[in-house]
Amino acid sequence: VLVIATQTFFRAMHNQRALELNADLQQLLDQATESGKARYRAGETAHHEWLLVRAELAVLQTEKIRLSSTQRALRAQLNELRNKPPLEPIGRIDMQLEAVSRSDSDASDLATSPELR
């Protein structure tokens, strides 16, 4: 149960971050669309530039729908593990990950490994 809970937690955290990045990308592409339209009106570029951005926005919207569906399934799994109703809201999933430093002995072990030869 501990392994399943840990895997579900990290999948939910990854999914949450993917949704956040998707929203950020959509905002950037919205700005690029407006910029492309302004350049097109001024005669500096062809109309296909901002049409390509609109197509990319459609791809991001499709991805957002997929991520949202996955988020609902992960929320239900996490709530099942917590013995809560499936639609119980879960707050922001956040965890501080620390970088692991490698010692010099680790580096020497890697230098002699057969995979590197």
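Student: What makes Val1, Ile4 and Leu81 a nonpolar patch on the surface?

Tutor: In this predicted model, Val1, Ile4 and Leu81 together have about 310 Å² of accessible area. Residues of a patch need over 30% relative accessible area, and Leu81, which is found in helix 2 (residues 48–81), has 39%, so Leu81 passes that cut-off.

Student: Why is the pair of Phe9 and Phe10 called edge-to-face?

Tutor: The ring centres of Phe9 and Phe10 are 5.3 Å apart, with 75 degrees between the planes. Rings pair if their centres lie within 6.5 Å, and planes over 60 degrees apart count as edge-to-face, so both values for Phe9 and Phe10 meet the definition.

Student: How do you know that Glu20 forms a salt bridge with Arg92?

Tutor: The closest N and O atoms of Glu20 and Arg92 are 2.2 Å apart, and because the limit is 4 Å, the contact counts as a salt bridge. Glu20 lies in helix 1 and Arg92 in the loop between helix 2 and helix 3, so this pair ties together parts that are 72 residues apart in sequence.

Student: Why is Arg92 called exposed, whereas Glu20 is called partly exposed?

Tutor: Exposed means over 50% relative accessible area, and Arg92 has 53%, so Arg92 counts as exposed. Partly exposed covers the range between 20% and 50%, and Glu20, at 24%, therefore counts as partly exposed.

Student: What makes Arg17, Glu20 and Arg92 a network?

Tutor: Glu20 forms a salt bridge with Arg17, at 3.2 Å, and another with Arg92, at 2.2 Å, so with both distances within 4 Å the three residues are linked by salt bridges.

Conventions
Residues are numbered from 1 along each chain as its sequence is written. This is a predicted model: local features need pLDDT of at least 70, side-chain atom pairs count only at pLDDT 80 or more; totals for chains, interfaces and linings use all residues. Side-chain values use heavy atoms; hydrogens and water are left out. Patches are made of residues with over 30% relative accessible area and no salt bridge: like charges are joined within 9 Å, nonpolar side chains (Val, Leu, Ile, Met, Phe, Trp, Tyr) within 5 Å. Accessible areas come from the Shrake-Rupley method with a 1.4 Å probe; for residues, only the protein chains shown count as cover. A salt bridge is a side-chain nitrogen of Lys or Arg within 4 Å of a carboxyl oxygen of Asp or Glu. Helices (H or I, at least four residues) and strands (E, at least two) are DSSP runs, numbered from the N terminus. Buried means under 20% relative accessible area, exposed over 50%, partly exposed in between (1.4 Å probe, protein chains only). Rings of Phe, Tyr and Trp (its six-membered ring) pair if their centres lie within 6.5 Å; planes under 30 degrees apart count as stacked, over 60 as edge-to-face and the rest as tilted.
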